[in-house]
Amino acid sequence: MAKVKTTFFCQNCGSQFAKWQGQCTSCKQWNTIVEEVIQKEVKANWQSNEKSKSRVSKPTLIHEISSTTEKRLPTSDQELDRVLGGGIVPGSLILLGGEPGIGKSTLLLQISLKLPYKTLYVSGEESQKQIKMRAERISQKNSNCFVLTETKTQNIFKQIGEIEPDIVIIDSIQTLHSDYIESSAGSISQIRECTTELIKFAKESGTPVLLIGHITKDGNIAGPKILEHMVDTVLQFEGDRNHVYRILRSLKNRFGSTSELGIYEMLSDGLREVSNPSEILISKNADELSGTAIAATLEGARPLMIEIQALVSTAVYGTPQRSTTGYNAKRLNMLLAVLEKRAGFKLAAKDVFLNITGGISIDDTAIDLAVIAAILSSNEDEEISKADCFAAEIGLAGEIRPVNRIDQRILEAEKLGFKRFFASKHNKISLQNTNIEIVLVSRIEDLVSHLF
Ligand code: TYD
Ligand code: MG
């Protein structure tokens, strides 16, 4: 029997140490270093056959490599296809991360039920009955979807060999364990070993593998960072659990852009693709109310019209309250200071609440102008027309600054029937013959004179 080898891993960052120590020298966390058994001698791959041993790759001149675009398997889910860059690339490994209960298992089960291929859904978290119950809720039919409840990679590969699926889904990587490593499932060395085995399988058989990954309390995918380096694509499923909208984002994609994004709505019968997000994010209230303004923002590469609501009221306590939902509170304070100092609005003794509807949060500074418009509208108690929308950044001197991809934002606003678009005077707009009136402003006073 080979000598048992052990080594020490930090369970937080995955660094490896020769001996135990109290604090990890690389991530500075205490008590995270754990001894794990590694048995290097008997390393086997998913299929110890001759074919893989004899395959030696040779260097090829770059211009001799055929550049035909990768064949992709469309998933019949337009949002996922868009995020992946046009479908699943054969032999690729895709990692899907997200908070517990956000809907990762639902999304991948739904996709395996929708696909016109033979799929194998491997679950180490739920029983077959639970998966069946979930499938009944989703009510999609695929007679070629196999369910396996198994956590040992060697057994999974045995079943894969028998069924020969076109796509394999693993829920989740943290529940898998391999016989060649002795530490418990979910530990750094197990995750690394199981991922290596899955990559080998995917690359050699050309079968794509979709993995679900848990995330830690600070939002990173649990396990070593190397997991994200090893896979081809890292997707993140996010959203507020109390709201119905979910956003699928790609953080890394070897076969497409990372700026695309998919939006879903969680319904009682599974996830619904939202193909026109702007329509749902703007309330269809017929009357015009003070304190709301529409911003033309970008989520990834996708233009999105969102509604901003502000409430400005006299502070009842000595210190006025400032509270935001879906928007950076520091940025709100900055905008309030600019309004006070540069435009002469007395807001220091007022409570200001700001809310981005739909439960999504926005980082784009191009919504500054809409935020200011909403605050002023609430402060003056005068409504802004529902036909107006805004896209510009505010500088500390109170100047209205240009934003990127203005044409794309204008086109989206036009598509949704807006009549006036407020932008910075310094923005270069190359669009011509639009049906939307473009109002160019350079100072907050200009905005005020147009609106009220
Ligand atoms: P789940 O996919 O189990 O989350 P994860 O795998 O990311 O932990 O999602 C579970 C949540 O989704 C649960 O709170 C119930 C809800 N849900 C629906 O609202 N509608 C549905 O059709 C399904 C299947 C789940
Ligand atoms: Mg799950």
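**Exercise 1. Work out how the strands of the open sheet of 3 strands are ordered and paired.**

Step 1: The order reads S2-S1-S3, and the pairing is antiparallel; strands are DSSP runs (E, at least two residues) numbered from the N terminus, and two of them pair if DSSP finds at least two bridges between them.

Step 2: Strand S2 (16-17) and strand S3 (33-38) each pair on one side only, as edge strands.

Step 3: Between strand S1 (residues 5-10) and S3 there are 6 bridges. Phenylalanine 9 has valine 34 in S3 as its bridge partner.

A note before going on: this is a predicted model, where local features need pLDDT of at least 70, side-chain atom pairs count only at pLDDT 80 or more, and totals for chains, interfaces and linings use all residues. Residues are numbered from 1 along each chain as its sequence is written.

**Exercise 2. Find where the largest pocket lies relative to the domains, and describe its lining.**

Step 1: The domain assignment, automatic or from a database, gives domain 1 (1-40), domain 2 (73-273) and domain 3 (280-451).

Step 2: The largest pocket has a volume of about 360 Å³. A pocket is an open set of points on a 1 Å grid over the protein atoms alone, where a 1.4 Å probe fits, with protein on both sides within 12 Å along at least five of seven lines; lining residues have an atom within 4 Å of a point. The volume is the space filled by probe spheres set on the points.

Step 3: Among the 18 lining residues, Asn12, Cys13, Thr216, Asp218 and Asn220 are the closest to the pocket centre.

Step 4: Domain 1 and domain 2 both contribute lining residues, so the largest pocket lies between them.

Notes
Chains lettered and ligands numbered in written order. Heavy atoms only, no water. Helix = DSSP H or I, 4+ residues; strand = E, 2+ residues; numbered from the N terminus.
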